[in-house]
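Visitor: Please take a close look at one part of this model, a strand pairing and what surrounds it. I would like a connected account.

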Amino acid sequence: MSPAPPPAIIRGYDVLISAGHEGRPASCARFPQHRCNLGARGERTWNPIVANEATRVLRAHGLRVIRLPADFAGVYAVKIAVFIHFDGAVPPCSSTASVGYPLRADSRVAASWKRLYGRYFPFGFRPDNFTGNLRRYYAFKQVRAKVGAYVLELGEITCPAQRAWLAPRLRWSGDLIAYWIARLIDRGHVPLPANVLVRVRRGSSR
Ligand SMILES: [Zn+2]
């Protein structure tokens, strides 16, 4: 058998944003080479909300964004690629947010995300690339990205305290991701989103 021809490279976009697990299980049959991972409970609802918002803001500021579900064909040449996820853990609350990337050189860009998100997210981060799914993410092969390709796990959706913090901040985290991306690739003309202030319900502990 002769080797498969190299895949055509798709150009013309600055940013690739994929929502983790989105489109599954329907897309799984067309991509038997991918594990049909459906994500933690609730992720397939939350990931697209964040991905859509980041895409909307970047496009509103003139950046060319290709917005993809979990499974897609082709190889994209972009400046940066981001794969949006929330973690799930057993037992609950044994994980937090994290970042995955294929190249050690990308750790500086990952650190810039953790500095930014960590100003707000109060639950800390797991070490970069702490799972095989992070360091060998299946879609890294489908990206040629000058500033790198990153899996952003925005927190542990299966942890009630983190979930309660995250739930009112889904669109805000998309805005924050858009701000971060623009700073990395475009000298940053996307504004920093205003912090989300959540009113604490009083008297409920009695
Ligand atoms: Zn996931």
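Guide: In this predicted model, Val99 has Leu152 of β8 as its bridge partner. That pair belongs to the contact between β6 and β8, where three bridges join the two strands. Strand β8 covers residues 149-156, and β6 and β8 run antiparallel. Strands of a sheet pair through backbone hydrogen bonds, in either a parallel or an antiparallel way.

The wider setting is an open sheet of five strands, ordered β3-β2-β5-β8-β6, with mixed pairing. Strand β6 (98-100) stands at one edge and β3 (65-68) at the other; each has a single partner strand, so one side of each is left without a neighbour in the sheet. On average, and ignoring direction, neighbouring strands of this sheet are turned by 20 degrees against each other.

Two helices can be placed against these strands. Helix α1, residues 43-60, packs on the sheet and touches β2 (15-19), β3, β5 (80-87) and β8. The direction of α1 makes about 160 degrees with that of β2. Helix α5, residues 170-185, lies across β2, β5 and β8 and runs at about 150 degrees to β5. Strand β8, which pairs with β6, is thus touched by α1, and α5 lies across it as well.

The segment after α5 contains Leu197. Leu197 is exposed, because 6 other C-beta atoms lie within 10 Å and the limit for an exposed residue is 12 or fewer. Leu197 and Arg163 are 34 residues apart along the chain, and their C-alpha atoms are separated by 16 Å.

Key:
Residues are numbered from 1 along each chain as its sequence is written. This is a predicted model: local features need pLDDT of at least 70, side-chain atom pairs count only at pLDDT 80 or more; totals for chains, interfaces and linings use all residues. Two strands pair if DSSP finds at least two bridges between them. Helices (H or I, at least four residues) and strands (E, at least two) are DSSP runs, numbered from the N terminus. Axes are lines fitted to C-alpha atoms, for helices over the stretch in contact, and angles run from 0 to 180 degrees between N-to-C directions. Two residues are in contact if their C-beta atoms, placed from the backbone, lie within 7 Å. A residue is buried if 20 or more other C-beta atoms lie within 10 Å of its own, exposed if 12 or fewer, and partly exposed in between; C-beta atoms are placed from the backbone.
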